[in-house]
Amino acid sequence: MSIRPSALLILLSAATFSTGLLAQARDPLQLPDMGSSAGTLITPGEEKQYGEYTLFQLRAYQMLLEDPLLDEYLNRLGNRLASFSDRPQQEFTFFWMHSRDINAFATLGGYVGMNAGLVLTAQTEDEVAAVLAHEISHVTQRHIVRAVERQQKDTLPILLATLGAVVLAQQAGGSSAGNATQAAITSGMALLQQRSINHTRSNEYEADRVGIATLAKAGYQPMAMADFFGRMHRTLRSTIGAEEAPEFLRTHPVTSSRISEAKGRAEGATRPIGFVPPIKPTAEPINPLLPGGMYAHVGLDAPPSRELFPWVQARLRVLSAGSPGQAVDELNRRAVALGASLPEPERYGFALALSRTGEAERALAELAKIRQPPPGFWIELAEAELLHLAGRQAESESAYAQLLALYPDSRPIVLGYADVLIRTGGSEHGRRAQEVLRPLLLRRGDDIALQRSFGRASELAGDIVRASEAHAEASYLSGRAEDALNQLQALKLRDDLDYYQRARIDARIAELTPVVLELRERGIRAGREQQSNRGLEQTTAFRVTQGS
């Protein structure tokens, strides 16, 4: 008995429904193949590779918001929460998305993205921590890998059952055969969809439960998750259609029962008396011979400080605006709406926006009006940068040198100081920038900002070999592994390399070659052709993630 071609076409469409989610995300972004039901589920190493390359690709598509101060804040917040999770040994990478849509997501390998729009919408740091704890829980509970496994288990049995129903319908013949066939296929598609929805709902509730416990242990208000969900739910009810709802609600379905359950769990969630976190991922082991988990937890027993949060929002509002002029306009409208002068965090944002429109002296005057600065060095760092923009080079360099002496391991200060030296120009400033960058770069070779800055500094200093190596690393960290390999192979052809330079380049070529070969085998474009695909919408990028 043969199946009518039209019925077979619909059936095959139904069969690909559940796998289409992966294919749609993989093809535009060219991510590693996650395997199929005929193969083995991805290993932890492959998870890490997938997450890493996802980040590279998002950077290549210019979807990331990369700022040293904001990066430091997000990673400090995220790592605090991760250290109180039920899998504190899990490595996490937290990063900002430029979009002002209200959303966050987690993907394989512990990579967690936070949209600028979500933080700008949040009313407290606790609400941001709640969303981060939810996404961290998707990772620690292995929801993404479990979703792939569930998909593989469900698709084939449902496909075979649907196929059998279609055959029986075709055997019936007559005018009812077509309707029966369509009904069988529709039922199969609906079952696949419902199994996927049920699994997603289960994951969301579990991430809520685990995330609320993590919030409480980390010292944040566990009720913040229910508060944020409730406000988003009220937003949904006030919108006309689903397409007008915040992205967070389209990817994190919020119902009254879910809010009630979150409130109930929050009421019973408290940080255990005498609780000590088992690990701090960024801490050094007390003794490398001791069992895993024996780490120092300096500062984690103290409650989190929330003083920086409004300043983070102010900086994020400026950096996520469509243009510096738009940021200035937004803050001017804000001042008019308040009918008074801007609060100090927003005055800081106004100064930042002015600096980006070339009004450095006016920006300095705004900073001088701030009487209660945030904790840390945000104001001093802004002043050092503005002095450079105002043409007061000696004062700027002196301010940066003082900050670096106080905070020698600060990434924002190191990058800011080096950038000022590089923009000043000249071989001497290039060598000084190298000296400023080198200590941090030796410990953080996978930092693209440090590599790019070191490459520019080395060019100024006349150190072409080091410049070429740094630019190659930056290419690799931008998702262009093949470009990086080609740059190193071209560098190796120079006849003025000494023994150590050649050995260093050969070693890196040996490390990158299998990476490039594997990417080629998986059909992933790793060269400059990625740069031509700029129009990708953000929603496409997150089809293989949880919480997006």
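The expected span of a helix is 1.5 Å times one less than its number of residues. In this predicted model, helix 13 comprises the 13 residues 344–356, for which a span of 18 Å is expected, and the distance of 19 Å between its end C-alpha atoms agrees with that value. Because 12 of these 13 residues are buried, helix 13 is largely enclosed by the rest of the structure. The buried residues include Glu344, Glu346 and Arg347 as well as Tyr348, Phe350, Leu352 and Leu354, and their cover includes helix 3 (68–83), helix 11 (309–319), helix 12 (324–338), helix 14 (360–368) and helix 15 (378–389). Helix 13 is followed by Gly358, which has a positive phi near 90°.

Tyr348 also belongs to the largest nonpolar core, a set of 90 residues in which Leu81, Trp96, Met114 and Tyr348 touch the most other members. When residues up to four places away in sequence are not counted, the contacts of Met114 include Leu74, Phe95, Trp96, Val119 and Leu132. Apart from this core lies another, of 19 residues, among them Ile448, Val465, Leu485 and Val516.

An open sheet of mixed pairing is formed by 4 strands in the order 1-2-4-3. Strand 1 (64–65) and strand 3 (104–107) each have a single partner strand and stand at the edges, so one side of each is left without a neighbour in the sheet. Strand 1 runs antiparallel to strand 2 (residues 93–97) and is joined to it by 2 bridges, with Met97 in strand 2 as the bridge partner of Leu64. Helix 3 packs on the sheet, where it touches strand 1, strand 2 and strand 4 (111–115), and its direction makes about 135° with that of strand 2.

Terms used:
Residues are numbered from 1 along each chain as its sequence is written. This is a predicted model: local features need pLDDT of at least 70, side-chain atom pairs count only at pLDDT 80 or more; totals for chains, interfaces and linings use all residues. Side-chain values use heavy atoms; hydrogens and water are left out. Buried means under 20% relative accessible area, exposed over 50%, partly exposed in between (1.4 Å probe, protein chains only). Contact means heavy atoms within 4.5 Å. A nonpolar core is a set of buried Ala, Val, Leu, Ile, Met, Phe, Trp, Tyr and Cys residues joined through side-chain atoms within 4.5 Å. Two strands pair if DSSP finds at least two bridges between them. Axes are lines fitted to C-alpha atoms, for helices over the stretch in contact, and angles run from 0 to 180 degrees between N-to-C directions.
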